[in-house]
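Me: I'd like to learn how to read a fold like this one, going from the overall layout down to single residues. Can you walk me through it?

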Amino acid sequence: MRNGGCQRGTVSSTGRSPRGGDGHDNFPTPESVTQRLLSHVPLPGGFWLEPTAGEGAIIEAVNEVRSDVRWGAFELRPECKVPLERLGVMVKIGDARALLAEEEEGWDVAILNPPFSLAMPIILGCLRVAKHVVALERLNFLETRKRAAFFRAHAPDVYVFPDRPSFTGDGHTDSTAYAWFVWPEGGHNRSSGRVEVLPVETT
């Protein structure tokens, strides 16, 4: 899997500033993080959207184990367009928040690893256009008064990693817990969801 300069994802909290070292939250999603989700959570095939795609780490990980997915992707940086198109992805360049506001409904799955500071508006946009929404976030995304009303009205299923992932590529794990937040079809508006601990990764 490539680790090019276009990659973007959830910001590692281990001794990091709010932005990544290159100013673009340059922390690609490890392949195993995506594939552990797919091995445990059933998701339909069809049209999938990655609205914070970077160079396509999540897309590549899904394609390694699924052949029933067709992709669309949004990415802020024009230099990421060619790497994404090489994966056979339909790409729109621009701010995910604005592109989602213009997007039509009809996506089967939206899957993403958004920058922490922008996660809420991007997830809200995905909930409008996709049947299933799957977001990788720090477990403490559930916290804060500001998000409390949303989570009480739109509770996701939460799949927690018992072993903290490494976003740096050097084997050092992050300083906080992570989980996949999953809003399944028909479950976008509900007051409770399930919490499940994923199996420990085997090496």
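Reply: Happy to. Let's begin with the surface: the accessible area of the protein comes to about 9,500 Å², and 50% of that belongs to carbon and sulfur atoms. Keep in mind that this is a predicted model.

Me: How much of the protein counts as buried?

Reply: Of its 203 residues, 52% do. You can also look at how far apart in sequence the contacting residues are: among contacts between residues at least 6 apart, 64% join residues at least 24 apart.

Me: Next, the elements. How many helices and strands does the protein have?

Reply: Six helices and eight strands. Reading from the N terminus, you get α-β-α-β-α-β-α-β-α-β-α-β-β-β.

Me: And how do I read the sheet? In what order do the strands sit?

Reply: General idea to start with: strands of a sheet pair through backbone hydrogen bonds, either parallel or antiparallel. Here eight strands make an open sheet with mixed pairing, in the order β3-β2-β1-β4-β5-β7-β6-β8. The edges are β3 (90–93) and β8 (195–197), each of which pairs on one side only. From one strand to the next, the twist averages 20°.

Me: Could we zoom in on one pair? In which sense do β1 and β2 pair, parallel or antiparallel?

Reply: Parallel: β1 (residues 46–50) and β2 (residues 69–75) are joined over five bridges. To get the register, find F47, which stands opposite R70 in β2. On to β2 and β3, which also pair in the parallel sense, over four bridges, with E75 opposite I93 in β3. As for burial, β2 is mostly covered, with six of its seven residues buried.

Me: What links β1 to β2, and what is the handedness of that unit?

Reply: Helix α2 sits between them, and β1, α2 and β2 make a right-handed β-α-β unit. Helix α2 (residues 57–65) packs on the sheet, where it touches β1, β2, β4 and β7. Its direction makes about 170° with that of β2.

Me: Which residues of α2 are buried?

Reply: A57, I58, I59, E60, A61 and V62. Notice that a glutamate, E60, is on that list. These buried residues pack against α1, β1, β2, α3 (81–85), β4 and β7.

Me: You just mentioned α1. Which strands does α1 lie across?

Reply: Helix α1 (residues 31–40) lies across β1, β4 (107–112), β5 (130–138), β6 (157–160), β7 (178–183) and β8. With β7 it makes an angle of about 45°. The buried residues of α1 are V33, T34, R36, L37 and L38, and their cover includes β1, α2, β4, β5 and β7.

Me: What about the loops? Where is N113 found?

Reply: In the loop between β4 and α5 (119–129).

Me: And is N113 buried or exposed?

Reply: The cut-off to apply is 20% relative accessible area, with anything under that called buried. N113 has just 1%, so it counts as buried.

Me: Which side chain does the N113 side chain make a polar contact with?

Reply: That of T29, at 2.5 Å. So for N113 you can read three things in turn: its loop between β4 and α5, its 1% relative accessible area, and its side-chain contact with T29.

How values were computed. Residues are numbered from 1 along each chain as its sequence is written. This is a predicted model: local features need pLDDT of at least 70, side-chain atom pairs count only at pLDDT 80 or more; totals for chains, interfaces and linings use all residues. Side-chain values use heavy atoms; hydrogens and water are left out. Helices (H or I, at least four residues) and strands (E, at least two) are DSSP runs, numbered from the N terminus. Buried means under 20% relative accessible area, exposed over 50%, partly exposed in between (1.4 Å probe, protein chains only). Contact means heavy atoms within 4.5 Å. Accessible areas come from the Shrake-Rupley method with a 1.4 Å probe; for residues, only the protein chains shown count as cover. Two strands pair if DSSP finds at least two bridges between them. Axes are lines fitted to C-alpha atoms, for helices over the stretch in contact, and angles run from 0 to 180 degrees between N-to-C directions. A crossover is right-handed if, with the strands pointing away from the viewer, the path from the first strand over the helix to the second runs clockwise. A polar contact is a pair of N or O atoms within 3.5 Å; within protein, one must be able to donate a hydrogen and the other to accept it, and residues adjacent in sequence count only if both atoms are side-chain atoms.
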